[in-house]
Structure formats: C-alpha cells, structure tokens
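Trainee: I have this model open on my screen and would like to look closely at one part of it. Could you walk me through it?

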Amino acid sequence: MLPVVVLYFARSAELAGVRTETISVPQRITSLQLWEEIVKKHSGLEDIRDQVVFAVRQEYVLLGDQLLVLHSGDEIAVIPPISGG
C-alpha cells in the first residue's frame, strides 16, 4: 500500500465533502478498483460514476480494466462532467 493524493473538483468535491485527501492504495490497481477504493470513503460519489474521469499524473484515464502502476505521492484527480457555455 502506498499513499496517493486525491484531488476532487466541482461536483465530486461537493459529494465527497473534501477537495483533497491522501489515501493508501496498492501500487498496481485498475482504474475501476481505484474508483471503488475512493467510493468506499465517499459513497455519494457513486451518483457520478458513469460520468467521471480520472487524471493520473495529469493523464486522463477512463474507469475500467486499465492497469495503473502508482507511485507514492501520485496525484489522482476526480473530474466530473463540467458544463458551461
């Protein structure tokens, strides 16, 4: 297990009740497993599951079977859909 920093933006921050936190996760984890670890802490995030995108080390990652190899202190951004005009 290693610490990563999770950054929440817009609706995800509202649902999580925090803007940033550090969590411990396995070094090798799929993006879907990572999402499930985050949802364990903030069940309200399940409401945006089908719309959310991650950015891992500033690279977009869709939820699914993609294997992530994380490093201590990596930043994981939880980015919900953003509307605007």
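Trainee: In which loop is Asp-47 found? Please take me through that part and its surroundings.

Mentor: Happy to! Keep in mind that this is a predicted model. Asp-47 is found in the loop between α2 and β4. To place that loop, it helps to have the overall order in mind: the protein has two helices and seven strands, and along the sequence they follow the pattern β-α-β-β-α-β-β-β-β.

Let's begin with Asp-47 itself. Asp-47 is exposed, as its relative accessible area is 62%. Asp-47 and Ser-12 are 35 residues apart in sequence, yet their C-alpha atoms are 9.5 Å apart in space.

His-42 also has its place in the loop between α2 and β4. Is His-42 buried or exposed? With 11% relative accessibility, His-42 counts as buried, because the cut-off for buried is under 20%. Leaving aside neighbours within four places in sequence, His-42 is in contact with Tyr-8, Ala-16, Val-18 and Glu-21. Take Ala-16 as one of these: His-42 and Ala-16 are 26 residues apart in sequence, and 5.3 Å separates them in space, C-alpha to C-alpha. So the loop holds both Asp-47, which is exposed at 62%, and His-42, which is buried at 11%.

Now step back into the helix before the loop. Helix α2 covers residues 31-41, and Ser-31, Leu-34, Trp-35, Ile-38 and Val-39 are buried in it. These residues span an arc of only 140° around the axis, so they lie on the same side of α2.

One of those buried residues, Ser-31, leads us to another loop. Leu-62 touches Ser-31 and Val-53, not counting residues up to four places away in sequence. Leu-62 has its place in the loop between β5 (59-61) and β6 (67-69). At 60% relative accessibility, Leu-62 counts as exposed. Leu-62 can also be compared with Glu-36: the two are 26 residues apart in sequence and 13 Å apart in space, C-alpha to C-alpha.

Going forward from the loop that holds Asp-47, you come to β4, which spans residues 53-56, and then to the loop between β4 and β5, where Arg-57 is found. Gln-58 has its place in that loop between β4 and β5 too. What is phi of Arg-57? Phi of Arg-57 is near 50°, a positive value in a residue other than glycine. Phi of Gln-58 is near 65°, again a positive value in a residue other than glycine. Most residues other than glycine have a negative phi. Arg-57 counts as partly exposed at 42% relative accessibility, whereas Gln-58 counts as exposed at 73%.

Finally, here is the setting for all of this. Buried residues make up 41% of the 85 residues in the protein. Among contacts between residues at least 6 apart in sequence, 56% join residues at least 24 apart. The radius of gyration is 12 Å, which agrees with the value near 12 Å for a compact globule with 85 residues. Along the principal axes, the C-alpha atoms fill a box of roughly 40 × 25 × 20 Å. The protein exposes about 5000 Å², of which carbon and sulfur atoms supply 49%.

Conventions: Residues are numbered from 1 along each chain as its sequence is written. This is a predicted model: local features need pLDDT of at least 70, side-chain atom pairs count only at pLDDT 80 or more; totals for chains, interfaces and linings use all residues. Side-chain values use heavy atoms; hydrogens and water are left out. Buried means under 20% relative accessible area, exposed over 50%, partly exposed in between (1.4 Å probe, protein chains only). Helices (H or I, at least four residues) and strands (E, at least two) are DSSP runs, numbered from the N terminus. The arc is that of the directions from the helix axis to the C-beta atoms. The radius of gyration is taken over C-alpha atoms; the globule rule is 2.2 Å times the number of residues to the power 0.38. Contact means heavy atoms within 4.5 Å. Accessible areas come from the Shrake-Rupley method with a 1.4 Å probe; for residues, only the protein chains shown count as cover.
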